[in-house]
Amino acid sequence: EYMGERGSCVMAEKEDKEEEGSVPLVFPQARVKRIMKKGKEEKNQLSSEAVLIGAKALELFAEHLAARGAENMTKDSRKILQYRDLSTAVAERDELDFLIEVIPAKSIFKETK
């Protein structure tokens, strides 16, 4: 079982919410399913449970990335999260290394004469 940053067990949370009806998610399951199937053969199917877990994982990842960016924002005494906050988080944290090409540090190119 995976313990999230908030200390709640995702699987236990899922079971509790199933009794109430459905798990509230930030990202639409149809879009998550499309992303999960990308690069796969069309005939491959995904169970609704797999899509649900993928959507929850995406939500937790987005929260983690935003929290790391917010740490940089706070260090700079700002109230608005900026691209540089996220790119700095990616550059400084080993667990975010895989994003280095997706969220690179901004480069400023000056014209040379």
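## Terms and overview

Buried means under 20% relative accessible area and exposed means over 50%, with partly exposed in between. That scale is handy for looking at the charged pairs here, in what is a predicted model. Side chains of opposite charge can pair when their charged atoms come close. With a cut-off of within 4 Å between a side-chain nitrogen of Lys or Arg and a carboxyl oxygen of Asp or Glu, the count comes to six salt bridges. Let's look at some of them.

## Asp76 and Arg78

The side chains of Asp76 and Arg78 form a salt bridge, at 3.2 Å from N to O. Asp76 has a relative accessible area of 43%, so this residue is partly exposed. Its partner Arg78 is buried, at 18%.

## A pair within helix H3

Arg68 and Glu71 also meet through their side chains, in a salt bridge of 3.0 Å, N to O. Both sit in helix H3, which covers residues 48–75; they are three residues apart, so about one helical turn separates them.

How accessible is each partner? Arg68 is buried, with a relative accessible area of 9%, while Glu71 is partly exposed at 33%.

## Arg93, Glu95 and a shared network

A further salt bridge links the side chains of Arg93 and Glu95, at 3.6 Å from N to O. Arg93 is partly exposed, with a relative accessible area of 28%, and Glu95 is partly exposed too, at 40% relative accessibility.

The helix H3 pair comes back into the picture here: through salt bridges with shared partners, Arg68, Glu71, Arg93 and Glu95 are joined into one network.

Technical notes
Residues are numbered from 1 along each chain as its sequence is written. This is a predicted model: local features need pLDDT of at least 70, side-chain atom pairs count only at pLDDT 80 or more; totals for chains, interfaces and linings use all residues. Side-chain values use heavy atoms; hydrogens and water are left out. Helices (H or I, at least four residues) and strands (E, at least two) are DSSP runs, numbered from the N terminus. Buried means under 20% relative accessible area, exposed over 50%, partly exposed in between (1.4 Å probe, protein chains only).
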